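Colleague: Could you take a close look at the salt bridges in this model and walk me through them slowly, as you would for someone in a first year of study?

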Amino acid sequence: MAARFCQRCGHELEHWDEHGVVRQRCPACGFVAYENSKPCAGVLITRGRSVLLARRGREPYRGMWDIIGGFLEAGEDPTDGARREAQEETGLTVAVGDLLAILPDRYDAYSDWTLNIYYIARVLQGSPHPNDDVDALEWFDADALPDTIAFPGHIPTVLQKWRQWLDAHPHEMGETFA
């Protein structure tokens, strides 16, 4: 949703064409209201050829299976955010390993774009229990993933990349990286 007033000085913004992209700009102080993607981080917690998925307890996509993760805090390192989200949603302490994918998507049809950063992870400590905005957790085999997947604009791609990662790293299988 486009801003109407400048967040710096309060003056009404005007449309401004910057290299073929229409943006909102303040004619008083020069502030440009960029509509950037919101950064998110997540983990594919891997155990052998299985991944721990979370069933969403809130909209959007309530009741559908999702990768564990969420929005980063301002200035938060993506790996730290991925570990934090795993702890908040599952109660698990995880080790974050390989970077798996970076993909854009929309949070829902009416909201901001997201930039989603996903890592392979393994459990260091704890037993999984649903927390925060998650109402269930379940381990799924790479060849028997659920049909009801949240965020269809990018989650199926991430899961496909995860399966490719498993095939390329049979010796790791989420067990040996630090």
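Modeller: Glutamate 88 is partly exposed, its relative accessible area being 32%, and in this predicted model glutamate 88 forms a salt bridge with arginine 84, with 3.2 Å between the closest N and O atoms. Both residues belong to helix α1, which covers residues 78-90, and because they are four residues apart there, about one helical turn separates them. This pair also has further partners, since Glu76, Arg84, Glu85 and Glu88 are linked in a network of salt bridges. As a general point, side chains of opposite charge can pair when their charged atoms come close.

The structure holds eleven salt bridges, and two others are worth setting beside the one in the helix. One of them joins aspartate 66 to arginine 56, where the closest N and O atoms are 3.2 Å apart. Aspartate 66 lies in strand β6 (residues 65-66) while arginine 56 lies in strand β5 (residues 50-56), so this pair ties together parts that are ten residues apart in sequence. Both aspartate 66 and arginine 56 are buried.

The other joins arginine 23 to glutamate 18, and here the closest N and O atoms are 2.5 Å apart. Arginine 23 is partly exposed, with a relative accessible area of 23%, whereas glutamate 18, with a relative accessible area of 16%, is buried; the two descriptions part because buried means under 20% relative accessible area.

Definitions and conventions:
Residues numbered from 1 in each chain as written. Predicted model: local features only at pLDDT ≥ 70, side-chain atom pairs only at ≥ 80, totals over all residues. Heavy atoms only, no water. Salt bridge = Lys/Arg side-chain N within 4 Å of Asp/Glu carboxyl O. Buried < 20%, exposed > 50% of the residue type's maximum accessible area, 1.4 Å probe, protein only. Helix = DSSP H or I, 4+ residues; strand = E, 2+ residues; numbered from the N terminus.
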